[in-house]
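This report describes the architecture of a protein assembly for a reader working at the bench. Please consult the sequence and the structure shown below while reading.

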Amino acid sequence: MTLAQDVLQGNRLALARLLTHIENNTEEGKAGLKALFPQTGKAHIIGVTGAPGTGKSSLVNQLALHFRRSDSTRSYRVGIVAVDPSSPFTGGAILGDRVRMRDLAGDSGVFIRSMASRGSLGGLAAATSGVVQALDAAGYEIILIETVGAGQAEVDIARLAHTTLVVETPGLGDDIQAIKAGILEIADILVINKADQPGVEAAERALRSMLQLGHPAAHVFENHQPKPGHEIPVLSFSTPEVTGNHWIPPIVRTVATEGAGLPELVEQIQLHYQYLKDSGNLMLRERTRLRSELDLLLRETLMSRWRERVAEEEYWLTLDLLTQRKLSPWEAVEELLKKC
Amino acid sequence: MVERKIRVLVAKPGLDGHDRGAKVVARALRDAGMEVIYTGLRQTPEMIAESALQEDVDAVGLSILSGAHMALVPRVLELLRENGQEHVKVFVGGIIPDEDIPRLLEMGVAGVYGPGTLTDTIIEDIRKLTAGKSEQVVSS
């Protein structure tokens, strides 16, 4: 049996192994993802992002508990991917999100995986998308992704998740912070956590006034491609009909350590998913997500093919010429591309 | 290609609340380029084994200052084996009486580290042991 088959049989050790292979970008990892891809696309992927210390881990813990509880409508199997930063100096990392998730221990319907960002700057690791696919294929119906503590520009999560929660706390900023571009724009649901602390009214007012100033009509993240110079023309695929009203991000107050506000939050998450399905936005997001993944893979593959064909010395020689100002970067690229 | 990272779970089983040692070790392993999954205080052996499985770690470091090591460590080893993770190296740190060290090693613990151990020693041992060689090390 292959690793992928074991994963589909529900073997948790095999899943853990496969996730390691995916993280390390090995051949086994790629083979596993290839085999599992047809089984993906069933999970509701929920991103949780926000500044460090806003309570993302505690919130993920509570969300998982709620989705596991069968008293509402049904119980879901929950996968959690928690990303923490790698040291830019040593490459090491402390992955501490499990500390807040101890309530989930002993539940075989929950699978938690910690990931180090390994040099990625967008709030996720390069392999997070692959890890999510593997959990999806393994039958986890709700996948919660906790990003690195994010500032203003770590918006990769919006491309990967169906529903993005941006977690704020009282006292994080005024109404000018709230209208800046970036992280607040990507919110499908705004969460004010630690809502038992002073300043919660002001925080909500700032966020509400931001929403009243206008909200993007449709969240399609064309402007957040990882690299510039991206000039693939807009493809003329049949854009799914977007019907009904636009989604206006609700603001939900929570106290994650006590579970306050969680039923309302879960309800909003489910409403958002329903909205995505009914409006045709789900297909659109799925398409955008797969497109950015395709582009990324294409870029990596082309790069490695090119590297195979051009001798390493050529590259360093060109770099020398560049440093001596004998070539411009544009000419250098032309030269290097001619050689393969 | 991403280089293969050593993943280590650092856990505090049992009831003592002194986690400074565990944090010092976690930090040192981080600075040595390892990915450290830190689980916090008061973990049961079941929780530790479950985390080790989900995280697919190469090594587990247990910090015990309560004196309950002869009960907790064998249980962790047993659960790892039950889960098919007998390849995972288990290290024990904290307050371990000298006479217990040989017994722990006999059970399959890869190394025991008492107070005063240099973090470099632990790092070196983990690197060596997770590279495939399965000798045991003691420094207390």
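Which residue of β2(B) does A:Ile94 stand opposite? In this predicted model, A:Ile94 stands opposite B:Val36. The two strands concerned, β3(A) and β2 (residues 35–38) of chain B, run parallel and are joined by three bridges.

**Interface between the chains**

The contact between the chains involves 27 residues of chain A and 26 residues of chain B. On the side of chain A that touches chain B, the elements giving two or more residues are α2, β3 (93–95) and β4 (110–116). Helix α2(A) supplies the largest share of that side, namely six residues. By character, the residues on this side of chain A comprise eleven nonpolar, ten polar and six charged.

**Overall composition of chain A and the nonpolar core**

Chain A contains twelve helices and eight strands. Of its 340 residues, 40% count as buried. Where contacts in chain A link residues at least 6 apart in sequence, 75% of them join residues at least 24 apart.

The largest nonpolar core has 120 residues, and A:Ala134, A:Ile143, A:Leu144 and B:Val36 are those with the most contacts inside it. Helix α2 (residues 12–23) of chain A gives the largest share of this core, six residues. At least three residues of the core come from each of domain 1 (1–39) and domain 2 (41–130 + 142–217 + 235–279) of chain A. When neighbours within four places in sequence are left aside, the contacts of A:Ile143 include A:Ala43, A:Ile45, A:Ile46 and A:Val81, as well as A:Val132 and A:Leu135.

**Helix α3 of chain A**

Helix α3(A) spans residues 27–36, and its buried residues are A:Gly29, A:Gly32, A:Leu33 and A:Leu36. Viewed down the axis of α3(A), these buried residues fall within an arc of 95°, and therefore line one face of the helix. The spacing reflects a general rule: an α-helix has 3.6 residues a turn, so residues three or four places apart point the same way. The face of α3(A) turned away from the buried side carries A:Glu27 and A:Lys34, which are exposed. The cover over the buried residues of α3(A) includes α1 (3–8), α2 and α5 (128–137) of chain A.

**Strand β6 of chain A and its partners**

Strand β6(A), residues 163–168, is mostly covered, with six of its six residues buried. Both of its faces are covered: A:Thr163, A:Leu165 and A:Val167 lie on one side, and A:Thr164, A:Val166 and A:Glu168 on the other. The pairings of β6(A) are set out below.

| Partner strand | Sense | Bridges | Opposite residues |
|---|---|---|---|
| β1(A), residues 44–50 | parallel | five bridges | A:Val48 and A:Leu165 |
| β7(A), residues 189–192 | parallel | four bridges | A:Ile189 and A:Leu165 |

A:Leu165 thus appears in both pairings, opposite A:Val48 of β1(A) and opposite A:Ile189 of β7(A).

**An exposed loop residue**

A:Ala311 is located in the loop between α10 (281–309) and α11 (312–323) of chain A. Why does A:Ala311 count as exposed? A:Ala311 has 10 C-beta neighbours inside 10 Å and therefore counts as exposed, since the limit for that class is 12 or fewer. A:Ala311 and A:Cys340 are 29 residues apart in sequence, with a C-alpha to C-alpha separation of 9.5 Å in space.

Terms used
Residues are numbered from 1 along each chain as its sequence is written. Chains are lettered from A and ligands numbered from 1 in the order in which they are written. This is a predicted model: local features need pLDDT of at least 70, side-chain atom pairs count only at pLDDT 80 or more; totals for chains, interfaces and linings use all residues. A nonpolar core is a set of buried Ala, Val, Leu, Ile, Met, Phe, Trp, Tyr and Cys residues joined through C-beta atoms within 7 Å. A residue is buried if 20 or more other C-beta atoms lie within 10 Å of its own, exposed if 12 or fewer, and partly exposed in between; C-beta atoms are placed from the backbone. Domain bounds come from an automatic or database domain assignment. Two residues are in contact if their C-beta atoms, placed from the backbone, lie within 7 Å. The arc is that of the directions from the helix axis to the C-beta atoms. Ala, Val, Leu, Ile, Met, Phe, Trp, Tyr, Cys and Pro count as nonpolar, Asp, Glu, Lys and Arg as charged, and the others, Gly among them, as polar. Two strands pair if DSSP finds at least two bridges between them.
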